[in-house]
Amino acid sequence: MGKEKWQVNFVKITEVGPRDGLQNEKTIVSTEDKFKFILSLIRAGLKHIEATSFVRKEWVPQMGDAPELAKLIFSENRPGIEFSCLTPNIKGYEAAINSGFKEVAVFTATSESFTQKNINKTIEESITAFSEIFKRARIDNVKVRGYISTVIACPYEGKMAPEKTLEITKRLLDEGVYEISLGETIGVAVPSEVEALLNVLLKEVSPALLAGHFHDTYGMAISNVKQSLSMGIRSFDSSAGGLGGCPYAKGASGNLATEDLVYFLEREGYATGVNLDHLVDASLIMQSAMGKAFASRTFIAKSHARNS
Ligand code: HMG
Ligand code: MG
């Protein structure tokens, strides 16, 4: 009975703090501190960790140490933990595989302007660049995840049409991508917009193939998770402490905080496999490495409770 309930209610969390969180922070964290952070995330029970990106250093200097970090991560066997990284093209893919990754993530967007500014390509060109990755990944037996950014709104073009996201989703799934992470990149969405998007997607795509990737700029991320859960989504991305920011909204918090997600899910009767106290330990490690106060309400409440 307990086991059955656990399976039915299990929610997968992909921890993106080391990548999406740190890529948006001004401070460049040392490779050693990133590694300590990752080890503490593992200790907290996180099993899917997006560790870094193999992109141009000139574009994202915070991820410039990807091969060095990978060396530490893969210095020993870590059973049951899946590490992934972003790869925009075959050059990034090869570097990732040579560094030991068995899972990569490709990334494009619903918005043409965002794709151009983010990866210097049109959406069509981005998918063409991925086709080489898909081909190699099939041969190398490497898992590929797919991100679609700006699924609700774009900082340059405004509101996005769900039909465009559906079209890109189907194309990536047809290529063998195992899960599409729906990027609410700027954190402006409200639940009715998430509902409208999922209503279109779920007509043709199983919820088991979709993940929610919410940023928390306006504090709406948990409400959007609740909406997504009610429509069958059981996979979400988050970053410890709410690490990160939003380059399009000064002072905004980053991804939905993993602490807030875990607190919400566990209190609502879902299982995550994550120990909240150990997760707070992980965030404390990164907070002190960065010398910056993290925004997650759950993290603040839990860490203050320890000191009182
Ligand atoms: P480009 O300048 O168009 O590349 O950059 P290019 O193909 O013209 O090549 C120019 C030079 O870059 C060449 O070197 C290439 O070898 C090199 P040169 O011959 O001049 O010495 N190059 C590379 N170097 C390292 N790694 C590579 C690579 N590819 C080519 N992979 C590129 C195109 C995509 C590389 C560039 O635009 C880039 O690095 N962009 C970074 C984008 C990024 O990381 N954005 C953040 C992640 S997306 C995100 O955060 C959203 C998400 O969280 C979901 C959500 O919230 O919405 C996922
Ligand atoms: Mg993101």
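**Entry 1. Strand S1 and its partners**

I looked up the pairing of strand S1 and found that four bridges join it to strand S10 (residues 235-238), the two running parallel. The model I am reading is a predicted one. Within this pair, Glu 15 stands opposite Ser 238 in S10.

I then checked for another partner of S1. Strand S2 (residues 48-53) is joined to S1 by two bridges, and these strands also run parallel. Here Thr 14 stands opposite His 48 in S2.

Next I asked which residues of S1 lie on each side. Lys 12 and Thr 14 are on one side of the strand, which spans residues 12-15, while Ile 13 and Glu 15 are on the other. I noted that all of them are buried, and both faces of S1 are thus covered.

**Entry 2. Strand S9**

I turned to S9, which covers residues 210-214. Five of its five residues are buried, so the strand is largely enclosed by the rest of the structure. Leu 210, Gly 212 and Phe 214 point one way, and Ala 211 and His 213 point the other way.

I also looked for a partner of S9. Strand S8 (residues 179-184) pairs with S9 in the parallel sense, over five bridges. In this pair, Ile 180 stands opposite Leu 210.

**Entry 3. The magnesium ion**

Which protein residues are the donors of the magnesium ion, ligand 2? I found Asp 20 (OD), His 213 (NE2) and His 215 (NE2), lying 2.0 to 2.3 Å from the ion. I recorded the spacing of these donors in sequence as D-x192-H-x1-H. Asp 20 lies in helix H2 and His 213 in strand S9, so this pair ties together parts that are 193 residues apart in sequence.

Are these two donors buried or exposed? The cut-off for buried is under 20% relative accessible area. Asp 20 has 4% relative accessibility and therefore counts as buried. His 213, also at 4%, counts as buried for that reason too.

**Entry 4. Asn 255 beside the donors**

I followed the contacts of the donor residues to Asn 255, found in the loop between S10 and helix H11 (258-267). Asn 255 counts as buried because its relative accessibility is 1%. Its side chain makes a polar contact with the side chain of Asp 20, at 2.9 Å. The side chain of Asn 255 also makes a polar contact with that of His 215, at 3.4 Å.

**Entry 5. Ligand 1**

I listed the surroundings of ligand 1. There are 24 residues around it, and Gln 23, Arg 56, Asn 89, Ser 149 and Thr 185 come nearest. I sorted the shell by residue type and noted nine nonpolar, ten polar and five charged residues.

I then examined side-chain atoms beside the oxygen atoms of this ligand. A polar side-chain atom of Arg 56 lies 2.8 Å from an oxygen atom of ligand 1. For Asn 120, a polar side-chain atom is likewise 2.8 Å from an oxygen atom of the ligand. In the case of Ser 149, an N or O atom of the side chain is 2.6 Å from a ligand oxygen.

How much of ligand 1 does the protein bury? Taken alone, the ligand exposes 1100 Å², and the protein buries 71% of that.

Finally, I asked which elements give two or more residues to the shell. They are helix H2 (17-23), helix H5 (90-98), helix H6 (112-119) and strand S5 (143-149). Of these, H2 gives the most, with three residues. I add that H2 is also the helix in which the magnesium donor Asp 20 lies.

Notes
Residues are numbered from 1 along each chain as its sequence is written. Chains are lettered from A and ligands numbered from 1 in the order in which they are written. This is a predicted model: local features need pLDDT of at least 70, side-chain atom pairs count only at pLDDT 80 or more; totals for chains, interfaces and linings use all residues. Side-chain values use heavy atoms; hydrogens and water are left out. A residue is near a molecule or strand if one of its heavy atoms lies within 4 Å of it. A polar contact is a pair of N or O atoms within 3.5 Å; within protein, one must be able to donate a hydrogen and the other to accept it, and residues adjacent in sequence count only if both atoms are side-chain atoms. Accessible areas come from the Shrake-Rupley method with a 1.4 Å probe; for residues, only the protein chains shown count as cover. Ala, Val, Leu, Ile, Met, Phe, Trp, Tyr, Cys and Pro count as nonpolar, Asp, Glu, Lys and Arg as charged, and the others, Gly among them, as polar. Donors are N, O and S atoms within 2.8 Å of the metal (3.2 Å for Na, K and Ca); water is not among the atoms, so sites may look incomplete. Buried means under 20% relative accessible area, exposed over 50%, partly exposed in between (1.4 Å probe, protein chains only). Two strands pair if DSSP finds at least two bridges between them.
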